[in-house]
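Colleague: Please take a close look at one helix and the parts around it. I would like a connected account of what is packed there and how the neighbouring pieces fit in.

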Amino acid sequence: MTLQRIDNVGIVVEDLEAAVAFFIELGMEVEGRAPIEGLFADQAVGLEGVRSDIAMLRTPDGHGKLELAQYHAPEAVGGGSLNPPVPNTLGLHRVMFAVDDIDDTIARLRAHGAQLLGEVAQYEDIYRLCYLRGPSGIIVALAERIG
């Protein structure tokens, strides 16, 4: 048997609506939403009493997907925006998106609480790149091809 594809990247968030708005502003599209609970959810994730809401978003080309989940039970654990991870945190790096205009994208995402972690950097004559902190401490990288 061979690997077919990466289906999606899952991210647990504190505020599902704020996270959805952030990624819509980035240019993703909502593919669907659903409450998730019951025995299958408990079995799949290895927790008891799972009750959550999810939103599945996709990139405009349809190939990239994010599953955003807000847990109501059991309560989400970990840092989130109270203890946000940094780019060198073990087990986490970032989600990167290719954009047409990095400056415009940063400006639009700042209206949704995004914070630039460093500055926009240029890699040779090929890319302009940056890291942003989004909702629930999510690190989002942006890349604009220039060469």
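Modeller: In α3 of this predicted model, the buried residues include I102, T105, I106 and L109. They span an arc of only 100 degrees around the axis, so they sit on the same side of α3. The general background is simple: an α-helix has 3.6 residues a turn, so residues three or four places apart point the same way. The partners of the buried residues of α3 are α1, β6 (115-116), β8 (127-133) and β9 (139-145).

The next element to consider is α1, one of those partners. Its buried residues are L16, A19, V20, F22, F23 and L26. Viewed down the axis of α1, they fall within an arc of 160 degrees and therefore line one face of the helix. The buried residues of α1 pack against β2 (29-37), β3 (51-58), β4, β5, α3 and β9. Both helices thus appear in each other's list of partners, as α1 is packed against by the buried residues of α3 and α3 by those of α1. The strand β9 is found in the list for α3 and also in the list for α1.

Two of the buried residues of α1 bring in the aromatic rings. The structure holds 2 aromatic pairs. One of them joins F22 and F23, edge-to-face, with 5.1 Å centre to centre and 80 degrees between the planes. Both F22 and F23 are buried. F23 also pairs with F97: the ring centres are 6.2 Å apart and the planes are at 50 degrees, so this pair is tilted. It links distant parts of the chain, since F23 belongs to helix α1 (residues 16-26) and F97 to strand β5, 74 residues apart. F97 is buried, as is F23. Through these ring pairs F22, F23 and F97 form a cluster.

F97 leads on to a pocket. The second largest pocket has a volume of about 310 Å³. It is lined by 18 residues, and those closest to its centre are L26, M28, T59, F97 and A98. Two or more lining residues come from each of β4 (65-73), β5 (95-98) and α3 (102-110). The element that gives the most is β5, with 4 residues. By type, the lining divides into 10 nonpolar, 4 polar and 4 charged residues. L26, listed among the residues closest to the pocket centre, is also one of the buried residues of α1.

Some backbone details lie in the loops that join the strands mentioned above. As general background, most residues other than glycine have a negative phi, and most peptide bonds are trans. The peptide bond from A73 to P74 is cis, with omega near -20 degrees. P74 lies in the loop between β4 and β5, and both of these strands give residues to the pocket lining. E124 has a positive phi, near 45 degrees, and is not a glycine. Its place is the loop between β7 (121-123) and β8. S136, again not a glycine, has a positive phi of about 55 degrees. It is found in the loop between β8 and β9, two strands that the buried residues of α3 pack against. S136 counts as buried because its relative accessibility is 14%, where the cut-off is under 20%.

Methods:
Residues are numbered from 1 along each chain as its sequence is written. This is a predicted model: local features need pLDDT of at least 70, side-chain atom pairs count only at pLDDT 80 or more; totals for chains, interfaces and linings use all residues. Side-chain values use heavy atoms; hydrogens and water are left out. On a 1 Å grid over the protein atoms alone, a cavity is a set of points where a 1.4 Å probe fits but cannot get out, and a pocket is an open set with protein on both sides within 12 Å along at least five of seven lines; lining residues have an atom within 4 Å of a point. Grid points are joined across faces, edges and corners, and a volume is the space filled by probe spheres set on the points. Ala, Val, Leu, Ile, Met, Phe, Trp, Tyr, Cys and Pro count as nonpolar, Asp, Glu, Lys and Arg as charged, and the others, Gly among them, as polar. Rings of Phe, Tyr and Trp (its six-membered ring) pair if their centres lie within 6.5 Å; planes under 30 degrees apart count as stacked, over 60 as edge-to-face and the rest as tilted. Buried means under 20% relative accessible area, exposed over 50%, partly exposed in between (1.4 Å probe, protein chains only). The arc is that of the directions from the helix axis to the C-beta atoms. Contact means heavy atoms within 4.5 Å.
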